[in-house]
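Q: Could you take a close look at one part of this structure with me? I'd like to know how its side chains are placed, and then how that fits with the rest of the chain.

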Amino acid sequence: MFDEEIFNNCIKQYKEGFKSRFIGEKYKWEAIHCFKNNWDINAENFYQMIDAATKGAGNLLVTTHTYPRKMILFYSECEPESVRAMFINLFDENKDINERVMRFQSDAQELCDKYSPGKQHFQNGMVISVYLWLNNPDKYCVFRYNILKEAAIYLKNDFIPKRGDYTRNIPGNMELVENIRKIIIGDDELVNLFHATRDEKCYADPYLLTLAHDVEVYISKIASEKNKSEIEEVSDVIMHTEPEEVETECVIYSKEKFLEQVYMDSENYELLKEVLLRKKNLILQGPPGVGKTFTAKRLAYSIMGCVDENRVECIQFHQSYSYEDFVMGYKPSGDSFKLEPGVFYEFCKKASGDVGRPYFFIIDEINRGNMSKIFGELLMLIEADYRGKELKLAYDKRPFSVPENIYLIGMMNTADRSLAMIDYALRRRFSFFTMEPGFDSRGFRKHQNVLNNETFDTLIEKIKGLNMDISQDASLGGGFCIGHSYFCCQAVMTDEYMQSVVEYDILPMLEEYWFDEHTKLQKWQNILRGVFVD
């Protein structure tokens with residue numbers, strides 16, 4: 001249960017602004033109405049039916065984009081009977097709720113492996129809670145981790161969620177919302193306000209469960225504003241007492257700026273951002289010259305909303321990089337040794353004092369380091385589910401945790417054959433996003449148009465043909481293609497510059513790729529050099 005005095009103050013504010021708030025929130029009740037008017041589990045065309053039934057829930061079946069709905073529709077088109085069976089099982093009230101949720105995710109993963117290998121199915125606990133709510137809004141409500149956590153803490157609720165623990169979080173959310181419902185159902189003023197404001201396109205909500213969830217959302221916003229205010233007060237104190245520590249105003253950075261600078265389409269940007277925010281640990285992998293490091297920093301800027309170097313740390317791994325460099329170790333100090341913190345330890349401490357904002361730790365050449373040696377016990381702590389949990393460090397024996405607001409981005413060159421296969425420990429803890437040459441992206445085509453150089457256009461077409469040849473080579477593949485960044489750093493593209501890129505960057509790579517295939521090497525030497533022959 002929660003503190004009813006705090007709750008009563010919240011509900012008073014909620015009622016005062018109810019009519020204006022309901023305008024922006026009525027889509028929830030409209031989504032249920034749409035679902036109930038269209039849902040038919042036995043529909044002959046299951047894909048069309050689920051498309052129509054979930055159309056009104058677009059704002060809910062999203063993360064930072066519409067992938068959850070897109071993916072379930074995609075699988076419904078590929079294998080409708082399998083998805084139909086998934087929903088039959090999910091909506092079977094004779095089975096345990098946790099069992100149903102886990103089974104739905106497991107089945108979604110099988111379809112993902114079959115029809116979209118290497119991608120995500122996005123059918124997480126929050127999304128599944130939306131399906132349950134749409135089907136039975138008198139029993140279920142939507143679950144969002146941040147909303148539950150903020151509302152629960154603010155109300156001093158008995159249950160506080162832990163990230164990733166869906167088996168406890170979803171029932172915990174249902175219990176909190178049910179306790180809210182028990183109170184508001186006796187509030188005649190609020191009940192009358194609701195029924196007077198909704199229209200015929202809105203679900204009647206006879207048990208007021210969705211209304212109770214809306215109250216939960218409202219309370220989470222009160223909590224969020226309070227936290228923001230407290231952070232600003234602390235910042236204000238710092239500003240007046242330690243002016244030398246005040247950050248200068250940073251330059252605004254948006255998604256549009258990212259797409260202007262990074263040759264990637266909007267859909268891939270949204271996917272990249274979603275994967276990082278969900279997993280917290282991401283590796284950008286790809287061939288040389290696709291702009292992995294460039295992209296990593298600008299992805300961080302776009303999420304922060306500004307260019308703030310104080311919240312971004314960049315390092316590079318190598319074979320000699322150690323735990324002592326990264327976490328903590330003894331370093332020479334005069335005639336003895338002194339225990340000193342490593343770069344990641346210090347970055348974590350900085351981020352832990354600024355919990356309201358994201359921090360980004362970027363690691364170039366991440367697969368060149370010995371991950372087990374460098375991370376040590378932190379290999380567990382960097383996992384999303386273990387963020388905020390403490391372990392004692394090897395050297396000082398003090399408890400330490402990796403803050404939830406830290407995001408790790410690593411870069412990996414897929415064309416470096418001198419490296420062994422990547423450590424399983426690394427692969428399990430990071431999501432992998434493959435970057436490809438962006439010659440066909442809208443941004444690169446705009447770059448070409450600005451240059452307006454026929455020789456450059458010809459060279460790019462040859463490079464695209466070369467990449468196709470590399471991709472189809474059984475001993476190479478797409479991970480060895482030539483990236484676009486070789487051709488992006490000049491405002492004016494002269495023949496001399498292009499020739500130097502070909503002779504001293506691209507051809508030496510091809511010599512390594514095809515050291516035992518002289519005919520193929522000679523072919524592409526002639527093609528690329530021929531671009532500059534009149």
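What follows is a walk along helix 1, then a look at some aromatic pairs and one loop residue.

A: Sure. Keep in mind that this is a predicted model, so every value here is computed from it.

Let's start with helix 1, which covers residues 4-16. How far apart are its end C-alpha atoms? They are 18 Å apart, and since 13 residues at 1.5 Å a residue should span 18 Å, the two values agree. Now for the side chains: Phe7, Cys10, Ile11, Tyr14 and Lys15 are the buried residues of helix 1. Their directions take up an arc of only 135° around the axis, which puts them on the same side of helix 1. That pattern makes sense, because an α-helix has 3.6 residues a turn, so residues three or four places apart point the same way. Turn to the face that looks away from this buried side, and you'll find the exposed residues Glu5, Lys12 and Glu16. There is also something to see at the start of helix 1, where a side-chain oxygen of Asp3 comes within 3.0 Å of the backbone nitrogen of Glu5. So Glu5 shows up twice: its side of the helix is the one turned away from the buried residues, and its backbone nitrogen is the one that Asp3 reaches.

Now step back to the chain around that helix. It has 534 residues, 48% of which count as buried, and its secondary structure comes to 24 helices and 11 strands. Along the principal axes, the C-alpha atoms fill a box of roughly 85 × 75 × 45 Å. The accessible surface is about 26100 Å², with 48% of it belonging to carbon and sulfur atoms. If you take contacts between residues at least 6 apart in sequence, 71% of them join residues at least 24 apart.

Aromatic rings give some concrete cases of parts being joined. A search of the whole structure turns up 40 aromatic pairs. One of them is Phe258 with Tyr269, a tilted pair at 4.7 Å centre to centre, with 45° between the planes. Phe258 sits in helix 13 (residues 255-261) and Tyr269 in helix 14 (residues 266-279), so this pair ties together parts that are 11 residues apart in sequence. Phe258 counts as buried at 0% relative accessibility, and Tyr269 does too at 1%. Then there are Tyr345 and Phe400, whose ring centres are 5.0 Å apart with planes at 15°, so that pair is stacked. Here Tyr345 belongs to helix 17 (residues 343-352) and Phe400 to strand 9 (residues 399-400), so the pair ties together parts 55 residues apart in sequence. Tyr345 is buried with a relative accessible area of 15%, and Phe400 is buried with 1%. You can also pick out one aromatic cluster made of Phe317, Tyr321, Phe326, Phe344, Phe347, Tyr359, Phe361 and Phe375.

Last stop: Asn453, in the loop between helix 21 (442-451) and helix 22 (454-472). Is Asn453 buried or exposed? At 15% relative accessibility, Asn453 counts as buried. A polar atom of its side chain lies 2.9 Å from the backbone nitrogen of Thr455, and the side chain of Asn453 also reaches the backbone oxygen of Met493 at 2.8 Å. Setting aside neighbours within four places in sequence, Asn453 is in contact with Met493 and Met498.

Methods:
Residues are numbered from 1 along each chain as its sequence is written. This is a predicted model: local features need pLDDT of at least 70, side-chain atom pairs count only at pLDDT 80 or more; totals for chains, interfaces and linings use all residues. Side-chain values use heavy atoms; hydrogens and water are left out. Helices (H or I, at least four residues) and strands (E, at least two) are DSSP runs, numbered from the N terminus. The expected span of a helix is 1.5 Å times one less than its number of residues. Buried means under 20% relative accessible area, exposed over 50%, partly exposed in between (1.4 Å probe, protein chains only). The arc is that of the directions from the helix axis to the C-beta atoms. A polar contact is a pair of N or O atoms within 3.5 Å; within protein, one must be able to donate a hydrogen and the other to accept it, and residues adjacent in sequence count only if both atoms are side-chain atoms. Contact means heavy atoms within 4.5 Å. Accessible areas come from the Shrake-Rupley method with a 1.4 Å probe; for residues, only the protein chains shown count as cover. Rings of Phe, Tyr and Trp (its six-membered ring) pair if their centres lie within 6.5 Å; planes under 30 degrees apart count as stacked, over 60 as edge-to-face and the rest as tilted.
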